[in-house]
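This briefing collects local features computed from one structural model. The sequence and structure come before the notes.

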Amino acid sequence: MMPDESDPDPTTLLDAVNAIAKMAGEQIMTVYEKTDFNVVQKADKSPLTEADMAAHNAILKGLQELTPDIPVLSEESARIPFQEREKWQTYWLVDPLDGTREFIKRNGEFTVNIALIHKHLPMLGVVYVPVTKVLYYAIHQLGAYKQLPDQAPERIFARRRAGRLTVAGSRSHGDENFQRFVKTLGEVDVLSIGSSLKSCLIAEGKVDVYPRFGPTSEWDTAAAQCIVEQAGGHLTDVYLQPLRYNTKESLLNPNFLVFGDANHSWSHYLAQAV
């Protein structure tokens with residue numbers, strides 16, 4: 001799976017990582033079900049709740065016990081300088097609570113994201129939805145799966161375009177570029193939903209494309225990218241190149257596009273939008 005014998009085999013880690021994601025989801029739901037919880041603002045103006053930190057601590061503890069030699073980069077970790085990160089061949093990339101704004105709105109559209117990155121690409125991706133207890137996961141070259149509570153996992157596949165397009169958009173982050181992109185597509189259905197659920201809907205063939213023209217960070221996309229790619233879809237920059245991780249000082253992503261059908265003329269529509 002990974003080229004070096006000394007590197008971990010993701011297939012031996014998957015069950016444990018799925019369990020860690022579910023454990024973090026339980027921590028999140030404990031806070032979610034309170035009548036009130038504290039919300040503070042981080043330096044980048046994004047919100048932070050006690051649920052973010054509870055999930056972060058659960059994931060950090062679980063991954064450090066599972067793979068003590070593999071570093072963990074989490075959204076809620078202390079910032080790690082690139083001079084240290086650039087030495088990492090393999091590391092965990094984590095968003096303990098993706099969709100904090102949706103969590104605060106109590107609409108259920110938030111996820112736990114855990115990815116194993118090796119040589120700048122996601123090799124394992126887990127996205128867990130605490131409210132519905134739906135689990136998405138994938139391993140490089142071994143397919144993508146969706147598991148409903150108390151059911152066997154089923155393999156999922158991104159769909160090829162057939163007629164009217166369905167476009168996923170952010171519930172909390174709209175912008176003019178998104179509107180222009182949608183207009184270039186003609187008559188479409190737009191589905192607004194929070195967090196990495198948008199990418200997971202691409203992976204399971206319910207949505208055709210999700211454009212993101214705005215700031216996101218590497219932990220927002222890594223797990224979902226693995227799932228989308230192993231379902232036959234794509235998560236790319238606006239030049240249709242797959243996103244790569246830990247290649248620079250900044251952890252911000254470029255604008256990106258998630259889509260199922262690579263034969264569609266996405267570059268044509270992107271050129272008109274940005």
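A residue counts as buried when its relative accessible area is under 20%, as exposed when it is over 50%, and as partly exposed in between. C226, with a relative accessible area of 0%, is therefore buried. The model is predicted. The points below cover one helix, the aromatic rings, the cysteines, a polar contact, backbone angles and some C-alpha separations.

**Helix 1**

- Helix 1 runs over residues 10-32, which makes 23 residues.
- At 1.5 Å a residue the helix should span 33 Å, and its end C-alpha atoms lie 31 Å apart, so the two values agree.
- The helix is bent by about 25° at A16.

**Aromatic rings**

- Ten aromatic pairs are present in the structure.
- In one of them, F37 and F103, the ring centres are 4.9 Å apart and the planes meet at 45°; the pair is tilted because stacked pairs need an angle under 30 degrees and edge-to-face pairs one over 60.
- This pair joins distant parts of the chain, with the two positions 66 residues apart in numbering: F37 belongs to the loop between helix 1 and strand 1 (39-41), and F103 to helix 4 (residues 100-105).
- F37 and F103 are both buried.
- F37 and F103 also belong to a cluster, linked by ring pairs, that takes in Y32 and F110.
- Y32 has a further partner: the charged end of R106 sits over the ring of Y32, 5.8 Å from the ring centre.

**Cysteines**

- The number of disulfides is zero.
- For C200, the closest cysteine sulfur is that of C226, at 11 Å; a disulfide needs the sulfur atoms within 2.5 Å, so the distance is too far for a bond.
- Seen from the other side, C226 is in no disulfide, and its nearest cysteine sulfur is that of C200, 11 Å away.
- C200 has a relative accessibility of 1% and therefore counts as buried.
- C226 is likewise buried, at 0%.

**Strand 3**

- Strand 3 covers residues 72-74 and includes S74.
- The side chain of S74 is in polar contact with the side chain of H56, at 2.9 Å.
- S74 counts as buried because its relative accessibility is 1%.
- V72 lies in strand 3 too, and its relative accessibility of 12% makes it buried.
- V72 and D208 are 136 residues apart along the chain, and their C-alpha atoms are separated by 32 Å.

**Positive phi outside glycine**

- K133 is not a glycine, yet its phi is positive, near 60°.
- K133 is placed in the loop between strand 6 (121-129) and strand 7 (134-139).
- With a relative accessible area of 51%, K133 is exposed.
- N246 also has a positive phi, about 60°, without being a glycine.
- N246 is in the loop between strand 13 (234-237) and strand 14 (256-259).
- At 4% relative accessibility, N246 is buried.

**Sequence and space separations**

- D189 is part of strand 11 (residues 188-193), and its relative accessible area of 36% makes it partly exposed.
- From D189 to T100 the separation is 89 residues in sequence and 26 Å in space, C-alpha to C-alpha.
- E229 is in helix 7 (residues 218-230), and at 26% relative accessibility E229 counts as partly exposed.
- E229 and R160 are 69 residues apart in sequence, with a C-alpha to C-alpha distance of 14 Å.
- K198 is in helix 6 (residues 197-203) and is buried, with a relative accessible area of 2%.
- K198 and V209 are eleven residues apart in sequence, and 8.9 Å separates their C-alpha atoms.

Terms used: Residues are numbered from 1 along each chain as its sequence is written. This is a predicted model: local features need pLDDT of at least 70, side-chain atom pairs count only at pLDDT 80 or more; totals for chains, interfaces and linings use all residues. Side-chain values use heavy atoms; hydrogens and water are left out. Helices (H or I, at least four residues) and strands (E, at least two) are DSSP runs, numbered from the N terminus. The expected span of a helix is 1.5 Å times one less than its number of residues. The bend at a residue is the angle between axes fitted to the seven residues ending there and the seven starting there. Rings of Phe, Tyr and Trp (its six-membered ring) pair if their centres lie within 6.5 Å; planes under 30 degrees apart count as stacked, over 60 as edge-to-face and the rest as tilted. Buried means under 20% relative accessible area, exposed over 50%, partly exposed in between (1.4 Å probe, protein chains only). A charge sits over a ring if NZ of Lys or CZ of Arg is within 6 Å of the ring centre and within 35 degrees of the ring normal. A polar contact is a pair of N or O atoms within 3.5 Å; within protein, one must be able to donate a hydrogen and the other to accept it, and residues adjacent in sequence count only if both atoms are side-chain atoms.
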